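The following note sets out points for a colleague's consideration, in numbered form. Please read it alongside the sequence and the coordinates.

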Amino acid sequence: MHFPAPSVPEIAFLGRSNVGKSSVINSLVGSKLARTSNTPGRTRSINFYEVRKAGQPRPELLFSDLPGYGYAKVSREISADWARFVDPYLHQRSSLALCLALVDANIPPQESDRQLLEFLAAKERPHLVVATKCDRLSGNRLQQAMHTLGDAYGGVPIVAFSAKTGAGKDELWRRIWSFVSEIHPV
């Protein structure tokens with residue numbers, strides 16, 4: 001697997017198939033950069049997207065959209081993909097500044113998500129949880145879901161996010177830039 005030469009800080013988007021990784025990327029950049037699909041497990045490689053301010057010749061960040069996991073139909077093949085190129089990317093990528101572990105706010109905490117967070121912690125990769133699809137929950141139910149996720153994932157910072165309404169977008173950008181400036185001071 002050939003990755004782009006390390007240059008600018010990279011933000012990795014990880015999560016179960018159909019959690020909304022591409023939708024979060026598109027919401028953050030304000031355009032249809034990443035392809036979305038109604039079929040879980042479509043992303044079968046790491047897709048890299050340059051993020052730059054309007055009019056800037058060089059990117060400021062690189063977003064990496066990693067293959068999803070946990071969808072029964074494709075999980076065996078994706079497990080092989082993870083071993084072949086996702087693990088090396090997460091282990092060795094020098095420009096990887098932050099891993100965003102996307103979880104669906106509408107479902108109970110999943111074992112596969114907990115395992116991903118343990119893996120990132122063991123590899124000492126900075127990470128936070130993005131609880132997607134939060135627009136589907138009312139105020140009290142969203143607070144309850146966030147509390148449940150917080151308990152399940154041991155105090156990892158969590159941002160409630162909706163690609164549909166834009167809720168959480170500003171907070172997520174703040175956290176991304178905070179991690180980037182800590183690791184790659186300007």
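1. In helix α3, the buried residues (under 20% relative accessible area, with a 1.4 Å probe and protein chains only) are Asp 113, Leu 116, Leu 117 and Leu 120. They cover an arc of only 95° around the axis, which places them on the same side of α3; the arc is that of the directions from the helix axis to the C-beta atoms. Helices (H or I, at least four residues) and strands (E, at least two) are DSSP runs, numbered from the N terminus.

2. On the basis of the note: this is a predicted model, in which local features need pLDDT of at least 70 and side-chain atom pairs count only at pLDDT 80 or more, while totals for chains, interfaces and linings use all residues. Residues are numbered from 1 along each chain as its sequence is written, and side-chain values use heavy atoms, with hydrogens and water left out.

3. The length of α3 agrees with expectation: at 1.5 Å a residue its 12 residues should span 16 Å, and its end C-alpha atoms are 16 Å apart. The expected span is 1.5 Å times one less than the number of residues. After α3 comes Glu 124, whose phi is positive, near 55°.

4. Salt bridges (a side-chain nitrogen of Lys or Arg within 4 Å of a carboxyl oxygen of Asp or Glu) number seven by this rule. One of them joins Arg 114 to Glu 111, with the closest N and O atoms 2.1 Å apart. These two residues are three apart in helix α3 (residues 111–122), and are therefore separated by about one helical turn. Arg 114 is partly exposed (from 20% to 50% relative accessible area), at 27%, and Glu 111 is likewise partly exposed, at 43%. A network of salt bridges links Glu 111, Arg 114 and Glu 118.

5. Where else does a salt bridge lie within a helix, about one turn apart? Glu 171 and Arg 175 are both in helix α5 (residues 169–183), four residues apart, and their side chains meet at 3.0 Å, N to O. Glu 171 is partly exposed, with a relative accessible area of 28%; Arg 175 is partly exposed as well, at 27%.

6. A further salt bridge pairs Glu 60 with Lys 53, the closest N and O atoms being 3.7 Å apart. Glu 60 is partly exposed, with a relative accessible area of 28%. Lys 53 counts as exposed (over 50%), at 51% relative accessibility.

7. Helix α1 (residues 21–29) is largely enclosed by the rest of the structure, because seven of its nine residues are buried. The buried residues are Lys 21, Ser 22, Val 24, Ile 25, Asn 26, Ser 27 and Leu 28. Following α1 is Gly 30, with a positive phi near 75°.

8. Two loop residues deserve a look at their backbone angles. Most residues other than glycine have a negative phi. Asn 18 nevertheless has a positive phi, near 65°; this residue sits in the loop between β1 (10–15) and α1 and is exposed, with a relative accessible area of 51%. Lys 133, also not a glycine, has a positive phi of about 60°. Its place is the loop between β5 (127–132) and α4 (139–152). Is Lys 133 buried or exposed? At 19% relative accessibility, Lys 133 counts as buried.
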